[in-house]
Amino acid sequence: MDMQDIPDTDPQETQEWLEALDGVLKQEGAHRAHFLLEQLVDKARRSGAYIPFSANTAYINTIPPQLEEHSPGDAEIEHRIRSYVRWNAMAMVIRANKHTNVGGHIASFASAATLYDVGFNHFWRAQTDTFGGDLVFVQGHSAPGVYARAFMLGRLTNEQMDNFRQEVDGKGLSSYPHPWLMPDFWQFPTVSMGLGPLMAIYQARFMRYLKDRGFLEAQGRKTWAFMGDGEMDEPESLGAISLAGREKLDNLIFVINCNLQRLDGPVRGNGKIIQELESDFRGAGWNVIKVIWGGYWEPLFMRDTKGILLKRMAECVDGEYQTFKSKDGAYVRKHFFGKYPELLEMVSTMTDDDIWRLNRGGHDPHKVYAAYAAAMKHTGQPTVILAKTIKGYGMGESGESQNITHQQKKMGTSSIKAFRDRFAIPVPDDKLEEAPYVNFPEGSPELKYMHERRQALGGYQPARRRKAEPLEIPPLSAFETLLKASGEGRELSTTMAFVRILTMLVRDKKIGKFVVPIVPDESRTFGMEGMFRQLGIYSHVGQLYTPQDADQLMFYKEDQKGQVLQEGINEPGAMSSWIAAATSYSTHGISMIPFYIYYSMFGFQRVGDLAWAAGDMRARGFLLGGTAGRTTLNGEGLQHEDGHSHLLAATIPNCVAYDPTYAYELAVIIQDGLRRMYQEQEDVYYYITVMNENYEHPAMPEGVEKGILKGMYLLREGKSKKNAPKVQLLGSGTILREVIAGADLLEKDFGIAADIWSVTSFNELRRDGLDVQRWNMLHPEAAPRVSHIETCLKDREGPVIASTDYMKMFADQVRSFLPTHHFHALGADGFGRSDTREKLRQFFEVDRNYVAVAAMKALADMELVPRKKVTEAIKKYGINPEKPNPTTV
Ligand SMILES: Cc1ncc(C[n+]2csc(CCOP(=O)(O)OP(=O)(O)O)c2C)c(N)n1
Ligand SMILES: [Mg+2]
């Protein structure tokens, strides 16, 4: 039974208990009261009584009026500033949509204006020479409000404002916070719902990691994250709150704008989102501050001695609260207060307008200030502020509290007029329709106040730093052992080669400490357990236990100064940590070098949206898709064998992806990645697949570095007998070795020579090809440029055959840049399954036999060998031509 459904069978007894509690609160304080209450509950439970746990408190503000900290600000000036910001935020959307249909949102910021205003005026400190700055995640759809304020401060021009959502000509403003598009302004992309809250938690965690490892001082810096109440339904929004609670991240403040609505309608029409979130967050160990009611309610609370008003507030559901605010004072009187005669009596001397003025907490700057001040002071827990607001506040008949409000981007003149009057905006009637921007004149107290407030907080926000001090990257020779042959009989996988490189990097005197190895509970899979002891696993509290394997060399060592981020089975969290580290150059001015290694199958397809956000954020770091390839991770089967992560990587414009085969290729790629990202400070990030198949690695051939980086180089030249046909064989990753074996078959069985090309990146070859093709199209009379792949193949004979451990589309990317149309791409399309590598490669038709058959068929198509030779090859290699297509079985 819910608390509110239990009848009060003995009010006098209730009163006695309450008075006793009051006495304790007054005489001995809240701590003692808390202790006594817990004792009572504990006693009752021990005696066998069923007392269900409730993480909820009453549906009132958490901070009682007498404990509110008062704002030192000038409330009247702030009100005028906020009114102008509101107007301009609305105006920019209306103006942008006058002649275009670019869209935009009015209602979200209208509900959140006070929440931002108080932050900008009093709390959010900018990055300065001596202070690291607070990190503020702005809710995506509230961007117009942030632009409006920046405009009033002279940071954005009229022209930029008028080009809201019209970015192509270079003078516009992004629809939402996008560092890629406004790299000096926005820090955090938030508009894909759920990613902001998740990333903010890991930003706060990473800030503490940097502090514990001695890179920076805490300085009381905070991460603030704004989000919508509808957004909280995304699993990503709530998925990591227990981590924040467990790690006691008191440098983290969530502000959830509970306007009770999402896009289509109410968030919890039949319940109360604030109460639901309260229990979620309290259960996860957060400090919860509810800001439900504004100050105008206080006289009513004082008179509510019997708790009837509270009861009414508790029994109303959000759907009703929304409806109330879409109507008027008379409706609220009748339907809210009218339920109980005592309440009607309570408001009998109030006019309908007075009733209408009864405000919600999130619109009361005093309540919001008090909540923020309390959050800043709170220690030992992260804080969430649940602020109740009205969606479309001020939009009147155009959308206030209406289900359609989210998508309103136009307002009728009568609504604009009402908005103007409500917020006292100096725009004459005849100008209303064009919704001109308003600003405080130079020298006005309001403008002075706005600037002064920001100066006191260190400068303007949002602002983003583009570069940090470059790092000194070791030369390729530092990885010498990997450039040499592994040696006769000494087999290793590219994963092992990667771990060696990582080990060398963490030992590097110049950059070793900046390296951040990140794993989602798979260190042992990748052979990285040696790093547990060597580097330590980061834990803010160190290690409070003797690890089971303490007597071993490589024991499980947790350490406050640990370097490794062990995220547990949590790819989205690990990815968020990686993003925090990969953007640390910008958020903290310290370039960190994150290497996040994971099962490649649980990468892009699992956390693809975060990978996209990372691109937007100009993240710099390495992602390692471990145990990659559809046939190379042999035993695991359908859900583990990745044949498409490279294609997903190709969808991210600034993600550079490689599928290397040999240790020296890996060394060249990583060394150059370090140079590009941390020396040259290019805004790219790397995706590299590494495999678990062991084989010998040759020494690096002379002069192949450039080719490795561009995406392909000649590995072995075929020696053909005079007039014998030739083929060009391309391969990547482990399947390159099948290609080499296929070349041997062709030579041995059919006297055909093959040039073998190691393709380290089909993705990069395609990008280069497209770029060249485009340039040539636009410069029809200039000497044509030549793509790298064409440069490699243009003077070579024969058809081109490619085989990889990925879908055919992967190698097929280069088709249109080849000098010949005789091209066949082999690849592993279809669902994976468990078996041996040999069987899988046969099944997916990517092995040496298929390479040879594909080459023979292409030669036959060019009439360089008779067709019956192809049939002969099919028979010779035991291929059943009637075998079903692996894609379909
Ligand atoms: C992942 C994702 N899904 C859907 C959307 C589309 N969308 C944008 S805002 C919105 C409603 C937001 O409601 P709420 O979080 O309550 O924010 P409010 O505007 O009410 O403050 C939706 C569905 C999105 N941006 N991201
Ligand atoms: Mg909402």
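Below are worked exercises on the structure shown above.

This is a predicted model, in which local features need pLDDT of at least 70, side-chain atom pairs count only at pLDDT 80 or more, and totals for chains, interfaces and linings use all residues. Residues are numbered from 1 along each chain as its sequence is written, chains are lettered from A and ligands numbered from 1 in the order in which they are written, and side-chain values use heavy atoms, with hydrogens and water left out.

**Exercise 1. The magnesium site**

Find the protein donors of the magnesium ion (ligand 2) and place Asp229 and Asn259 in the fold.

Step 1. Apply the cut-off. Donors are N, O and S atoms within 2.8 Å of the metal (3.2 Å for Na, K and Ca); water is not among the atoms, so sites may look incomplete.

Step 2. List the donors. They are Asp229 (OD), Asn259 (OD1) and Gln261 (O), at 2.0 to 2.1 Å from the magnesium ion (ligand 2).

Step 3. Read the spacing. In sequence the donor residues follow the pattern D-x29-N-x1-Q.

Step 4. Place the pair. Asp229 sits in the loop between strand 2 (223–228) and helix 8 (235–239), and Asn259 in the loop between strand 3 (252–258) and helix 10 (273–283). The two are 30 residues apart and link distant parts of the chain. Helices (H or I, at least four residues) and strands (E, at least two) are DSSP runs, numbered from the N terminus.

Step 5. Check burial. Buried means under 20% relative accessible area, exposed over 50%, partly exposed in between (1.4 Å probe, protein chains only). Asp229 and Asn259 are both buried.

**Exercise 2. Salt bridges across the sequence**

Trace three salt bridges, starting from Asp683, Arg796 and Glu738.

Step 1. Set the rule. Side chains of opposite charge can pair when their charged atoms come close. A salt bridge is a side-chain nitrogen of Lys or Arg within 4 Å of a carboxyl oxygen of Asp or Glu. The structure holds 51 of them.

Step 2. Take Asp683. Its partner is Arg618, with the closest N and O atoms 2.8 Å apart. Asp683 is in the loop between helix 27 (663–679) and strand 13 (685–689), while Arg618 is in the loop between helix 25 (604–616) and strand 11 (622–626), so the pair ties together parts 65 residues apart in sequence. Both Asp683 and Arg618 are buried.

Step 3. Take Arg796. Its side chain meets that of Glu717 in a salt bridge (2.8 Å, N to O). Arg796 lies in the loop between helix 31 (788–793) and strand 17 (800–803); Glu717 lies in the loop between strand 14 (712–716) and strand 15 (726–731), 79 residues apart. Arg796 is partly exposed at 25% relative accessible area. Glu717 is partly exposed at 38%.

Step 4. Take Glu738. It bridges to Arg841, with the closest N and O atoms 4.0 Å apart. Glu738 belongs to helix 29 (residues 735–750) and Arg841 to helix 33 (residues 837–843), so this pair ties together parts 103 residues apart in sequence. Glu738 is buried at 10% relative accessible area, and Arg841 is buried at 3%.

Step 5. Extend the last pair. Salt bridges with shared partners join Glu693, Arg737, Glu738, Arg837, Arg841 and Arg848 into one network.

**Exercise 3. Backbone details**

Locate the cis peptide bond, then describe the positive phi at Lys248 and at Thr627.

Step 1. Find the cis bond. It joins Gln461 and Pro462, with omega about -5 degrees. Pro462 is in the loop between helix 19 (445–456) and helix 20 (480–483).

Step 2. Turn to Lys248. Its phi is positive, about 50 degrees, although Lys248 is not a glycine. Lys248 is in the loop between helix 9 (241–246) and strand 3. It is partly exposed, with a relative accessible area of 48%.

Step 3. Turn to Thr627. This non-glycine residue has a positive phi of about 40 degrees. Thr627 is in the loop between strand 11 and helix 26 (645–650). Why does Thr627 count as buried? Because its relative accessibility is 4%.

**Exercise 4. A buried helix residue**

Describe Leu115 and its separation from Lys272.

Step 1. Place Leu115. It is in helix 4 (residues 107–123) and is buried, at 0% relative accessible area.

Step 2. Read the separation. The C-alpha atoms of Leu115 and Lys272 are 20 Å apart, and the residues are 157 apart along the chain.
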